[in-house]
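Thank you all for coming to this short presentation. Please look at the sequence and the structure together, and I will talk you through a few places in them.

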Amino acid sequence: MRSFSLVLSLSPMTVRKGNRLGISIQEHMAINVCPGPIRPIRQISAYFPRLSPTSSFSEPLSPNQLTAPAPLSPGSAGQGGGAVGGGGEGGGGASRCLLLPGAAGGGGSLSAMSSMDTSIEIDSCDSDDNTSLGTLEFDLLYEKANSSLHCTVLRAKGLKPMDFNGLADPYVKLHLLPGACKANKLKTKVVRNTLNPVWNETLSYCGITEEDMYRKTLRVSVCDEDKLTHNEFIGESRVALRRVKPDQTKHFNICLEHPPPLASPTAMSTALRGISCYLREWETEQQRSLEERGRLLLCLQYLPPNGDSELKGEAKERARGGLCVGVKRCAHLAAMDVNGFSDPYVKTYLKPDVQKKSKHKTAVIKKTLNPEFNEEFFYEISFTELASKTLEVTVWDYDLGKSNDFIGGVSFGCHSQGDALQHWIDCLKNKGTKVERWHTLTNELPGSTLQE
């Protein structure tokens, strides 16, 4: 009776009615719940080494072998029991044969389990998560003197095929994090029909301060261009800029990775999710008010009076002494138009300006977030009067038929703070010397109405 009850307890796992099902219940459940493509039955069975009835066979059992065993005579039962367990009742021998199928093949269950462990390790390399996306090779160089970051994209190897022909049309994109936007996106050329592209192309960021190098991260992503549909993402890598030392080229040869997963909203309660969203919006707003307004490269020079009376024109005007303001360029400006760009220009004022004659304006550069102006303006003023003045520099977006949009600005004077104050003091101390520095544009200026 004991052997009979054991057969009944195992029969739901191994016995099937009819000849249409040739897999165990464990394999059937694995097929239904396993995500991704269905693997061969032998590989799915490897995930159930202790319960799979086919663990020690090189081929799956046929439907005839999975049916219930024929009734055994007492003589044959004794022989079967002796073959398995060295004797015993017929029912007991049959039940042990179902539990230890490896004994019939002479291999044993221990060797079967060790062989299946090896197959699991090999098959795990074929999963989508561990599929190689390729490698990317590039150099980074930060020039402290002119506050510029250069990324030389060299080559990529073994990229993941993205097109029907088994190849790809790869290109590389760069973003600065946090605050990724069109203003700080750089892109290489596209190399057609290859999985091992060579670019040898240098992409440069201007206006990168030492503070940016300490707290920002460079995201390098490889994408596949599709003319008829949207471009496809291949892989990316993120490099903390603090790893790059000033004026020293650092070489990188890295493996591309999938983008980091976002935090699951189900892992937080409703209250925590609300607080997280509020803090995220607040942080985004703070970054937008300070960072996304852009950077301005400005050159200040005070020219002392020159007693040469033979000069004419502009040279004679500058010989009387004054302040020379050079508007060089802007970088990473905020996008003010619907096309994701701006039409920027720069205005300068020397305040207080009772007669409103100190206004100077550069030309408008169309559809760009990184304009180059290279224009100079001169204010004829004595050194003592300049000490009580404030230089206001603002950047605007030109709009036809309506009021222009304010992008950002910076003010220089004795009441300024931070880099602007230091720049102003260095200009007044070093007469006749050009002092050039980058400045962060802010959305508000003290004492300014910000009207066009």
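I will go through the nonpolar cores, one sheet, some salt bridges and two single residues, in that order.

Before we begin, please keep in mind that this is a predicted model.

Let us start with the interior. The largest nonpolar core has 32 residues, and the members that touch the most other members are Leu136, Phe138, Leu140, Val172, Leu174 and Leu218. Which elements give two or more residues to this core? They are the strands β1 (135-143), β2 (148-157), β3 (170-177), β5 (198-206), β6 (217-224), β7 (232-240) and β8 (250-255). If you would like one residue to follow by eye, take Phe138, which, once residues up to four places away in sequence are set aside, touches Cys151, Thr152, Val153, Leu154, Val220, Val239, Lys250, His251, Phe252 and Ile254. There is also a second, separate core, which has 30 residues, and Ala183, Val346, Leu369 and Ile381 are among them.

Now I would like to turn to a sheet. Four strands make up an open sheet, and if you read across them the order is β13-β10-β9-β16, with antiparallel pairing. Why is one side of β13 and of β16 left without a neighbour in the sheet? These two strands, β16 being residues 435-440, stand at the edges and have a single partner strand each, so there is no neighbour on one side. On average, and with direction ignored, neighbouring strands in this sheet are turned by 20° against each other.

Looking at one pairing in more detail, β10, which covers residues 322-331, pairs with β13 in the antiparallel sense over seven bridges. As one position to look for, Leu323 has Tyr379 in β13 as its bridge partner. A helix belongs in this picture as well, since α13, residues 418-429, lies across β9 (295-303), β10 and β16, and it runs at about 165° to β16.

Next come the charged side chains. How many salt bridges does a search of the whole structure find? It finds twelve, and I will describe three of them before mentioning a network.

In the first that I have chosen, Arg155 forms a salt bridge with Glu137, and their closest N and O atoms are 3.1 Å apart. Arg155 sits in strand β2 and Glu137 in strand β1, so to speak two parts of the chain that are distant, with their positions 18 residues apart. Are these two partners buried or exposed? Arg155 is partly exposed, because its relative accessible area is 27%, whereas Glu137, at 14% relative accessibility, counts as buried.

My next pair is Glu392 and Lys351, whose salt bridge has its closest N and O atoms 3.4 Å apart. Glu392 belongs to strand β14 (residues 390-397) and Lys351 to strand β11 (residues 344-351), and the two are 41 residues apart. Glu392 is buried, because its relative accessible area is 8%, while Lys351, with 29%, is partly exposed.

The last pair joins Lys434 to Glu376, with the closest N and O atoms 3.6 Å apart. Lys434 lies in the loop between α13 and β16, while Glu376 is in strand β13, so this salt bridge ties together parts that are 58 residues apart in sequence. Both partners are partly exposed, Lys434 with a relative accessible area of 49% and Glu376 with 35%. As for the network, Glu211, Asp212, Arg215 and Arg295 are joined into one by salt bridges that share partners.

I will finish with two single residues, beginning with Thr362, which is found in the loop between β12 (360-361) and β13 (372-380). Why does Thr362 count as buried? Its relative accessibility is 5%, and the cut-off for buried is under 20%. A polar atom of the Thr362 side chain lies 2.9 Å from the backbone nitrogen of Val346. Beyond the neighbours within four places in sequence, Thr362 is in contact with Val327, Tyr345, Val346, Phe373, Glu375 and Phe377.

The other residue is Lys187, which is found in strand β4 (residues 186-187) and is partly exposed, with a relative accessible area of 41%. Its C-alpha atom is separated by 4.5 Å from that of Lys173, although Lys187 and Lys173 are 14 residues apart along the chain. Leaving aside neighbours within four places in sequence, Lys187 is in contact with Tyr171, Val172, Lys173, Glu201 and Leu203.

Technical notes:
Residues numbered from 1 in each chain as written. Predicted model: local features only at pLDDT ≥ 70, side-chain atom pairs only at ≥ 80, totals over all residues. Heavy atoms only, no water. Buried < 20%, exposed > 50% of the residue type's maximum accessible area, 1.4 Å probe, protein only. Polar contact = N/O pair within 3.5 Å; in protein donor to acceptor, adjacent residues only side chain to side chain. Contact = heavy atoms within 4.5 Å. Core = buried A, V, L, I, M, F, W, Y, C linked by side-chain atoms within 4.5 Å. Pairing = 2+ DSSP bridges. Axes fitted to C-alpha atoms, helices over the stretch in contact; angles between N-to-C directions. Salt bridge = Lys/Arg side-chain N within 4 Å of Asp/Glu carboxyl O.
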